[in-house]
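This briefing goes from the whole chain to one chosen position and its surroundings. Please keep the sequence and the model in view while reading.

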Amino acid sequence: MQTLNLEGINRILHPNKEQRPVTERILKNLGESNIGLHRNSADYSDASGYDTFSITENISELLSPACGMTDEEKQTYLAKIRAKLKSGQKLTGEEMRFLQAEDPILYQQAARIQSMRESLEVRLKHSTSKQSAATIYSDALTMIPENDPMKEYIVAAYDDAMKEFKQSDAYQSLPETDEDAEKRKGVPNR
């Protein structure tokens with residue numbers, strides 16, 4: 001008799017969630033299938049049970065970030081992600097995987113927004129003064145097309161990125177103006 005315990009896989013994939021009902025359901029399906037689990041080897045000759053159970057469906061369900069969520073929980077989580085996007089915050093890897101699985105169109109839009117934000121963050125890190133950082137930020141805002149359906153989300157992401165940058169030590173150590181930065185270059189290191 002062979003048994004297959006998927007609880008360890010589930011705990012690895014979803015360490016912060018209690019997934020017991022899903023695991024129990026999957027194990028029950030595995031036990032009722034005709035693939036040799038919880039059965040003796042004589043049952044292998046009867047392949048008719050293969051249509052009643054799909055291993056790939058159950059493994060896909062385990063790999064999904066929405067694993068074990070009810071439809072209501074999925075909608076609540078999706079609303080939380082939308083609110084986070086609207087406020088300009090970065091999405092976590094888990095949130096992006098959830099969108100990819102549950103709302104591919106929003107996932108593409110979120111990926112574009114996240115990429116644009118990261119590009120702005122890189123440019124801000126290379127600014128030579130607070131004045132140049134402000135110029136980089138305002139230039140990025142003017143590059144957003146007026147008819148972009150995600151303009152509000154992009155602006156919020158840029159605002160959040162600039163707010164984070166202004167709170168950083170890197171920003172605090174920058175000279176006020178480009179002129180001050182040039183003066184600093186001329187001063188030899190002490």
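How much area does the protein expose, and what share of it do carbon and sulfur atoms supply? In this predicted model, the exposed area comes to about 12,200 Å², of which carbon and sulfur atoms supply 51%. The points below set out the overall make-up of the protein and then turn to Thr177.

**Overall make-up**

- The protein contains 10 helices and 0 strands, and its elements, read from the N terminus on, run α-α-α-α-α-α-α-α-α-α.
- Of the 190 residues in the protein, 35% are buried.
- Among contacts in the protein with a separation of 6 or more, 58% are accounted for by residues that lie 24 or more positions apart.

**Position and exposure of Thr177**

- Thr177 sits in the loop between helix H9, which spans 169-172, and helix H10, which spans 178-186.
- The relative accessible area of Thr177 is 28%, and Thr177 therefore counts as partly exposed, because this value falls between the 20% limit for buried residues and the 50% limit for exposed ones.

**Surroundings of Thr177**

- The side chain of Thr177 reaches the backbone nitrogen of Asp180 at 3.1 Å, and Asp180 belongs to the range given for helix H10 (178-186).
- When neighbours within four places in sequence are left aside, Thr177 is in contact with Ser129 and Gln131.
- Lys130 is 47 residues away from Thr177 along the chain, yet the C-alpha atoms of these two residues are separated by 6.2 Å.

How values were computed. Residues are numbered from 1 along each chain as its sequence is written. This is a predicted model: local features need pLDDT of at least 70, side-chain atom pairs count only at pLDDT 80 or more; totals for chains, interfaces and linings use all residues. Side-chain values use heavy atoms; hydrogens and water are left out. Helices (H or I, at least four residues) and strands (E, at least two) are DSSP runs, numbered from the N terminus. Buried means under 20% relative accessible area, exposed over 50%, partly exposed in between (1.4 Å probe, protein chains only). Contact means heavy atoms within 4.5 Å. A polar contact is a pair of N or O atoms within 3.5 Å; within protein, one must be able to donate a hydrogen and the other to accept it, and residues adjacent in sequence count only if both atoms are side-chain atoms. Accessible areas come from the Shrake-Rupley method with a 1.4 Å probe; for residues, only the protein chains shown count as cover.
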